[in-house]
Amino acid sequence: METDLTKWKLLTDNGRQTWVYDENYEDQNFIERYQLGLDYTNDVDDFDIPSETIDNVRNAIEFYSKLQMEDGHWSNDYGGPMFLMPGLIITCYITGVELQKEKKFEMIRYLKNEQREDGGWGLHIESPSTMFGSALSYVSLRILGVDKDDEVCVAAREFMKNNGSALGIPSWGKFWLASLGVYEWEGLNPIPPEFWLLPYWLPLHPGRWWCHCRMVYLPMGYVYACKFQPEMTTLIEELREELYEDFNYDNITWADQRENICKLDEYTPHTTTVNTIHAILLYYEKYHSSWLREKAKAEAMNQIHMEDENTKYINIGPVNKVINMLCVFLDEGKDSERFQKHIERIDDYLWLGRDGMKMQGYNGCQLWDTAFSCQAIIASGLVDEFKDCLEGCAAFIESTQVQEEVPNLKDYYRHVSVGAWPFSTRDHGWPISDCTSEGLKAALQLRKLDLMDSLSDERFYQAVNVILSLQNSDGGWATYELKRSTSYLELINPSETFHGIMVDYPYVECTSACVQALLMFLEQFPDHRTQEIKTAVDKGAKFIKHIQRDDGSWKGSWAVCFTYGTWFGVEGLIAYGESPNSEPIIKACEFLLSKQQDDGGWAEDFKSCVDMEYVENPNGSQVVNTAWAILSLMAAEWKDIKPIKAGIQFLKDKQLPNGDWDQQSVSGVFNANCAISYSSYKNVFPIWALSIFNNKYSDD
């Protein structure tokens, strides 16, 4: 089951990226060949061996700029989690949506490529096998048409059997299996939609949860309340046997499975608090009011419809995208206009990579990558040589800024949006503090070069308004919204698999980006909300200092991990005016230097995020982490240039003759335990580090 990879076409429209299979396609371009791992040697030339740092920079940008899409953004693989695509495949099976056969073939290829040696699949592409990843991937393969006697399926069943069977899948997995009819709803802890009828002043009202969390449990609650059972099919009957080989499905005591979580998956065990709440909710489920349940379901659908409409049916993320789609199917049927709109947006999440077709962790990271890319290229000083590239960046950044407000913000628990930049596209539209800040920083630098004339002063003011409105009372910035509840809310985290999902916490990355953006704005607009901005950055800098760890590092929460967080911590404080000789900066640099490898690089591993302590990558130094460390040391004006030069030499040694760098270990993370790919980082941050080095030290 394979497709002809030369027939795949990557389409883009204002950031929307979709892969299309066309048997008549004969003109595949460099970007498509590169992303698919096909031969592209005729598209790019090898450069002469660089004699100076600026040559490395020029070669790198020359290569990377060729990957820029026509609308100005960079399309990249934002995959990694293994639990996303199964939700789509299960939903399509339940609702009768037929995926294109070529896409199904590539999904099969992906799942086979990512199977671990022990027969299982991990939570993400670099994790050891888990029951969550394994059971859902197995079900996906069977739905996609892979025979149960295929060696991949045989090995997977053996893994599940050896680890207690799919009965121990975590709660999100239990939800999907129950929706498919291969797990009983009695085996789940309750997910009542009545939470949405609680008064907002209660700390546990869903409107106070982190938006990604509430937007997943919102549609889950609706489906749970429906206790949906799909029509019995031969495949469902077979899966009931295959997933639980040592058990008779009809004789399983499902109530005993609610707390049955495979030890391979349990990262955030249930607290006494969440167990107590589950006990209360189980009692409620036995005696709940039918009238109240219907009222709660109606409110849930009201919230779901608004989320669908505000995001053009993309939704905030892939999990709630497909559960919302299932809810609309249950409420309105397959032929409804809303359900058809959901179908139209499936492709926004599907990315075809070198390992096959996957579902991304968002509908892409278009704005995020473009804002960073723009700043890195500007830092090179080669603006005239790459003016066309930067003009493309400017056009995309301008077109992506959110200009529509969500109606009835209070009713739908949303923060202001106008003026913000999203992570991906304008259609997606959810405002994020650091995306707004990086977008603003890129726009301001482009404005200084007379390349951002299309963005009016008013729109710069709108961006600043969003950033200022998102600062918390402690001085820090969270992601999408203000911190709306106490951190004690984390005691009711029911996910078992993810950490820190209940509250939108302030982070060093978001805080540093906001401080830098506000200060950069003040340089060009010194008379706009001057005192408010100065007060905000004062508080932000204090917050950054306050959360610095005793060893001098900052823990990153959105990439790997201490090199990333420390880069933001240092850059934020230096931008604020902190002396390079101050204790926070000295400690940060000493921390980084203590982790430098003999080859000059830094070798941080994803397990740093999981363990929350620095862990070295067994595969050795990584170009991305090395770039972050060097950028930190250069921003801090570290007095000893030798370790900086050693890191720069490592980046040069790893650069390919065509200007590219090989993809190494995964560099992104969310909720501490799940890795995600940022495939542009291997280009962007080495370019940035080499550029700053060339500007500061040249080749002296």
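In this predicted model, the second largest cavity is lined by 24 residues. Pro190, Ile191, Tyr217, His278 and Pro494 lie nearest its centre. Helix 7 (171-180), helix 8 and helix 10 each give two or more residues to this lining. The volume of the second largest cavity is about 370 Å³. Its lining divides into 19 nonpolar residues, four polar and one charged.

The search of the whole structure returned six cavities of 30 Å³ or more. The largest cavity has a volume of about 540 Å³. Its lining comprises 32 residues. Nearest the centre of the largest cavity are Trp210, His212, Tyr362, Trp558 and Phe670. Two or more lining residues come from each of helix 8, helix 12 (318-332), helix 16 and strand 7 (668-670). By class, the lining of the largest cavity holds 25 nonpolar residues, six polar and one charged.

Helix 8 thus appears in the lining of the largest cavity and in that of the second largest. Helix 8 covers residues 211-226. At 1.5 Å a residue, its 16 residues should span 22 Å. The end C-alpha atoms are 23 Å apart, which agrees with that expectation. Of the 16 residues of helix 8, 15 are buried, so the helix is largely enclosed by the rest of the structure.

The last residue of helix 8 is Cys226. Cys226 is partly exposed, at a relative accessible area of 27%. Its sulfur lies 7.2 Å from the closest cysteine sulfur, that of Cys327. A disulfide requires two cysteine sulfur atoms within 2.5 Å, so the separation of 7.2 Å is too far for a bond. Viewed from Cys327, the closest cysteine sulfur is that of Cys226. Cys327 is buried, with 0% relative accessibility. The structure as a whole holds zero disulfides.

Just after helix 8, Lys227 adopts a positive phi of about 45 degrees. Lys227 also forms a salt bridge with Glu285, with the closest N and O atoms 3.3 Å apart. Glu285 sits in helix 10 (residues 272-287), and Lys227 in the loop between helix 8 and helix 9 (234-242). The pair therefore ties together parts that are 58 residues apart in sequence. Glu285 is buried, with a relative accessible area of 14%. Lys227, at 31% relative accessibility, is partly exposed.

Salt bridges were then examined across the whole structure, where 39 were found. Side chains of opposite charge can pair when their charged atoms come close. One such pair is Arg16 and Asp348, whose side chains meet at 2.9 Å, N to O. This pair links distant parts of the chain, 332 residues apart. Arg16 belongs to strand 2 (residues 16-21), whereas Asp348 lies in the loop between helix 13 (337-344) and strand 5 (350-353). Arg16 is partly exposed at 30% relative accessibility. Asp348 is buried, with a relative accessible area of 3%. Arg16 and Asp348 also belong to a network of salt bridges that includes Arg345 and Asp427.

A further salt bridge joins the side chains of Arg33 and Asp43 at 2.7 Å, N to O. Arg33 lies in helix 1 (residues 30-36), and Asp43 in the loop between helix 1 and helix 2 (53-65). The pair therefore ties together parts that are ten residues apart in sequence. Arg33 is buried, at a relative accessible area of 18%. Asp43 is partly exposed, at 26% relative accessibility.

Pockets were analysed alongside the cavities. The largest pocket has a volume of about 750 Å³. Its lining consists of 26 residues. Gln445, Gln516, Met520, Glu571 and Ile692 lie nearest the centre of the largest pocket. At least two lining residues are supplied by each of helix 14 (366-379), helix 16 (433-448), helix 18 (508-524), helix 20 (562-576), helix 23 (623-635) and helix 25 (681-697). The lining of the largest pocket divides into 15 nonpolar residues, four polar and seven charged. Helix 16 contributes to the lining of the largest pocket and also to that of the largest cavity.

Key: Residues numbered from 1 in each chain as written. Predicted model: local features only at pLDDT ≥ 70, side-chain atom pairs only at ≥ 80, totals over all residues. Heavy atoms only, no water. Buried < 20%, exposed > 50% of the residue type's maximum accessible area, 1.4 Å probe, protein only. Helix = DSSP H or I, 4+ residues; strand = E, 2+ residues; numbered from the N terminus. Expected span 1.5 Å × (residues − 1). 1 Å grid on protein atoms, 1.4 Å probe; cavity = no way out; pocket = protein on both sides within 12 Å on 5 of 7 lines; lining within 4 Å. Points joined across faces, edges and corners; volume = space filled by probe spheres on them. Nonpolar A, V, L, I, M, F, W, Y, C, P; charged D, E, K, R; others polar. Salt bridge = Lys/Arg side-chain N within 4 Å of Asp/Glu carboxyl O.
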